[in-house]
Amino acid sequence: MTTVTGQQQAAGPAPAEERGPKTPLQRLLGAQAVQILGVLLILVVLFSIAETDAFLSVNNFRNIVVNVSILAIIGVSMTFVIVTGGIDLSVGSVLVFSGVVAAKTMESLGGEGVGVALVGALVAIVAGVLWGLFNGVLIAKAKVPPLIVTLGTLGMALGGAQIITGGIDVRGAPAVLTDNIGFGRLFGQIPYLSLIALVVVVLGAVLLHRTRFGRYTYAVGSNDEAARRAGVKVDRHLILVYTLAGFCAGLAGILNLAFFASTTIAGQSNTALNVIAGVVIGGTSLFGGIGTIAGTVVGLFIPAVLQNGFVIMGVQPFWQQVVVGAFLIAAVYVDQVRRAAAARGASTRRPLSSRFSRPAGARRKEAQ
Amino acid sequence: MTPALEARGLRREFGHVRALDGVDFEVDPGEVVALIGDNGAGKSTLVKALSGSLAVDSGELLSDGKPVTIDSPAAARALGIETVYQDLALAPHLDPVQNMYLGREVMKSGLLGRLGFMDHAVMKEHTRTAFTDLGATVRDFAAPVGSMSGGQRQQIAVARAAAWASRVIFLDEPTAALGVVQTRNVLDLIRRVRDRGIAVVLISHSMPHVIEVADRIQVLRLGRRVATYDAKKTSMEELVGAMTGAISQEAA
């Protein structure tokens, strides 16, 4: 105990020891999800003032919600993946692949019946689950980094979809799908598409925040070695999380088909990145261990509201991409500052470099 | 008294290096045994072998006088043996309660439990009791462990081990990164765990701490136990002598 290391210095003053527990309200206000909700509300108020008639209407809000719905389904599972400290780039391609095999299956079965639509939905989900399982096994068992595995399956699933279709979109879907799920509304007001998304969001939030499965998701992302030593089956858990991502992408695939009545092969190249942006803006840390489903939903609404607002205001919609990009960087910056503050409060001994290699400057900053 | 855990003639080689060269070891219930030795003496290897993280080439283990095999951390856990690693093995983003019960969550009864819902109230209550019993100074049970001081995290790791151990706790360098006050807390914690009748095995480089808290001190050198001292009757000079090979008690 004669040598003074950085750790001792960090542990020495120990401001945390003197601080009392935070109240639940302090905790809530400190959450990035709540702060980003404030930003979203400000955006809505600004657009409402600027374009009261066009923006502030039930129809327009319904539009925004529908636009977010499919992304939100993928966003739920992406939150799980990123909380484990992973990433899934393949979801857009898996969505397309699932839509394609479902469309082909329904086409060959023929007819417009409910049975055909159900088979199509099942096929899409099974296809998604299989891609997810493939990702998960490679990541957990073969220890290939998630970025690489899902970059690989991004190409494989998209290529597979193009091989099956010859690169030409399958158009049309059973009317029972497009009319009810794609454009149907409950009581003529609430789109079924958004209702399904809402169900997925609620189930996802319960799973992540209330169950042991969710607890293990955080534990694996926070310190996988600690989780392993505590008896958590880390590999199995990762496989399940990526399979969940595949499931959601498959579900999104059949909904996408119902909404666009087309397999949109060329239209999903940015889906994964848009979802990841939403998840990260919503306060989920790319380094794992932190994140909420509510944050993800808010994070996905910000790009959608900006897009919608800019179009209505007559601003070139390209500006949306610029602003969303800035939001994304700001969100990660805030996350970094928090992590650095946490590291100052008490040093985490597990080197962050084990997860991502980052510029030495960032690490030095955290070590201070 | 029958030792809570006893090892006889453990051997383990890594290539040509003999990490454990027929080492003996025993710890009684309600006793703090310190394991000391220079770097490379085999302290960590011995603890790994006794806690199921490392297989030995030969030798036998007895728990309460009965032969046992400890070939995995789970097997050690089943025997009531817990280990506090030097890196603590806490999940920094989880709170103390969540860390305490990680991998051992209490589920709700009935259908909800089978669906994966946990009984938060019970876990929080038990954690509070466990911390109070040990006099741990952790007050905030809802803040992430990563935001707490090194001393508090050490207390959480020790309290977790104490809550689950029924026989033996291994502590690997528990005071290495702590300040004066925090070290005091952890040493007090060790005494309280011992007073419950649990055997505590302490690895430390800090001689003053070892002499202060241990009942017996076993000195390892080159993968062998070279001396055992009563902590009340030994001195720093004697311990250092045994560690460096200047003094040898047991026949080589």
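1. A good place to start is the contact between chains: A:Arg229 sits over the face of B:Tyr85, 3.9 Å from the ring centre. (A charge counts as over a ring if NZ of Lys or CZ of Arg is within 6 Å of the ring centre and within 35 degrees of the ring normal.)

2. Please keep in mind that this is a predicted model, where local features need pLDDT of at least 70 and side-chain atom pairs count only at pLDDT 80 or more. Residues are numbered from 1 along each chain as its sequence is written, and side-chain values use heavy atoms, without hydrogens and water.

3. Over all chains there are nine aromatic pairs. (Rings of Phe, Tyr and Trp, the last by its six-membered ring, pair if their centres lie within 6.5 Å; planes under 30 degrees apart are stacked, over 60 edge-to-face and the rest tilted.) One of them joins A:Phe55 and A:Phe61 edge-to-face, at 5.6 Å centre to centre and 75 degrees between the planes.

4. How buried or exposed are these two rings' residues? A:Phe55 is buried, with a relative accessible area of 1%, while A:Phe61 is partly exposed at 33%. (Buried is under 20% relative accessible area, exposed over 50% and partly exposed in between, with a 1.4 Å probe and protein chains only.)

5. A:Phe55 and A:Phe61 also belong to one aromatic cluster with A:Phe47 and A:Phe310.

6. Another edge-to-face pair is A:Phe259 with A:Phe260, at 5.0 Å centre to centre and 80 degrees between the planes. Here A:Phe260 is partly exposed, with a relative accessible area of 47%.

Conventions. Chains lettered and ligands numbered in written order.
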